[in-house]
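This report describes the protein shown below, with attention to its loops, its strands and its overall form.

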Amino acid sequence: MWLLLNNSLNPGQLLLGCLLGVAIPLLCRRFLLGVPRVRKPLKLTGFALLVLYDIVVANLHVARLVLGRRDRLRPAFVEVPIDIRDEFVLAVLSSVLSLTPGTVSAGLSPDHRRLLLHVLDLEDAEELVAQVKTRYEAPLLEIFACSPT
């Protein structure tokens, strides 16, 4: 990446890029989260495809909402109870929910047991909570070697 940014292949830039590539991760390692072991790599692949599918479908839904009448929008905040205790897996869940258009992870309770979501168009809060728990949280708990509550 360093060489691409500098648009140069001279030996000095190559050496500096190698030094930065080693030094930056060493200096930042205490700020990084530990990644739990992946128990089911095949299920991880399926989960990634599911998230990609959900992103495409949500994009179409949000485009239809944005291009339609604004009085039909039903924005809301919803608290989702969370069973995930591992910080990395919780960050993955929050990222997946934020990547899916129409939802944004807006906060996490201090005890890490409730995730606050902002939803652009909410039909049923209970259905949304159930969907997050079954479609995203349960597979993540199954994929990664981390125990729920």
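## The loop between H1 and H2

Leu9 is located in the loop that connects helix H1 (2–6) with helix H2 (11–28). In this predicted model, the residue is exposed, its relative accessible area being 75%. Between the C-alpha atoms of Leu9 and Arg135 there is a separation of 46 Å; along the chain, these two residues are 126 residues apart.

Asn7 also has its place in the loop between H1 and H2. With a relative accessibility of 73%, Asn7 counts as exposed. Its backbone deserves a remark: phi of Asn7 is near 50°, a positive value in a residue other than glycine. Most residues other than glycine have a negative phi.

## The loop between H2 and H3

Gly34 belongs to the loop between H2 and helix H3 (41–67). Its relative accessibility is 56%, and Gly34 therefore counts as exposed, the cut-off for that class being over 50%. Leaving aside residues up to four places away in sequence, Gly34 touches Asp86 and Phe88.

A distance to H2 may be added. Val22 and Gly34 are 12 residues apart along the chain, and 18 Å separates their C-alpha atoms.

## Strand E1 and its pairing

Strand E1 comprises residues 76–81 and has two faces. Ala76, Val78 and Val80 form the covered face, whereas Phe77, Glu79 and Pro81 form the uncovered one.

E1 is joined to strand E3 (residues 114–119) by 6 bridges, and the two strands run antiparallel. Two positions illustrate the register. Val78, from the covered face of E1, stands opposite Leu117 in E3. Glu79, from the uncovered face, has Leu116 in E3 as its bridge partner.

## Strand E3 and the hairpin with E2

The side chains of E3 alternate along the strand. Leu115, Leu117 and Val119 point to one face and are buried; Arg114, Leu116 and His118 point to the other and are not buried. The two pairs described above can be placed on this pattern: Leu117, opposite Val78, is on the buried face of E3, while Leu116, the partner of Glu79, is on the other face.

E3 is also joined to strand E2 (103–108), in this case by 5 bridges, and again the strands run antiparallel. Within this pairing, Thr103 stands opposite Val119 in E3. E2 and E3 form a hairpin with 5 residues between them. His112 is found in the loop between these two strands, and its phi is near 60°, a positive value in a residue other than glycine. His112 is partly exposed, at a relative accessible area of 29%.

## Overall architecture

Which order do the helices and strands follow along the sequence? The pattern reads α-α-α-β-α-β-β-α, from a total of 5 helices and 3 strands. The radius of gyration is 20 Å, well over the 15 Å that the globule rule gives for 149 residues, so the protein is more spread out than a compact globule. Taken along the principal axes, the box filled by the C-alpha atoms is roughly 60 × 40 × 30 Å.

Among contacts with a separation of 6 or more, 72% are between residues 24 or more positions apart.

## Surface and charge

Of the 149 residues in the protein, 28% are buried. The accessible surface comes to about 10000 Å², and carbon and sulfur atoms account for 65% of this area.

How far apart are the mean positions of the positive and negative charges? The protein carries 16 positive and 14 negative charges, and their mean positions are 6 Å apart.

Conventions:
Residues are numbered from 1 along each chain as its sequence is written. This is a predicted model: local features need pLDDT of at least 70, side-chain atom pairs count only at pLDDT 80 or more; totals for chains, interfaces and linings use all residues. Side-chain values use heavy atoms; hydrogens and water are left out. Helices (H or I, at least four residues) and strands (E, at least two) are DSSP runs, numbered from the N terminus. The radius of gyration is taken over C-alpha atoms; the globule rule is 2.2 Å times the number of residues to the power 0.38. Buried means under 20% relative accessible area, exposed over 50%, partly exposed in between (1.4 Å probe, protein chains only). Contact means heavy atoms within 4.5 Å. Accessible areas come from the Shrake-Rupley method with a 1.4 Å probe; for residues, only the protein chains shown count as cover. Lys and Arg count as positive and Asp and Glu as negative; His and the chain ends are not counted. The place of a charge is taken as NZ of Lys, CZ of Arg, CG of Asp or CD of Glu. Two strands pair if DSSP finds at least two bridges between them.
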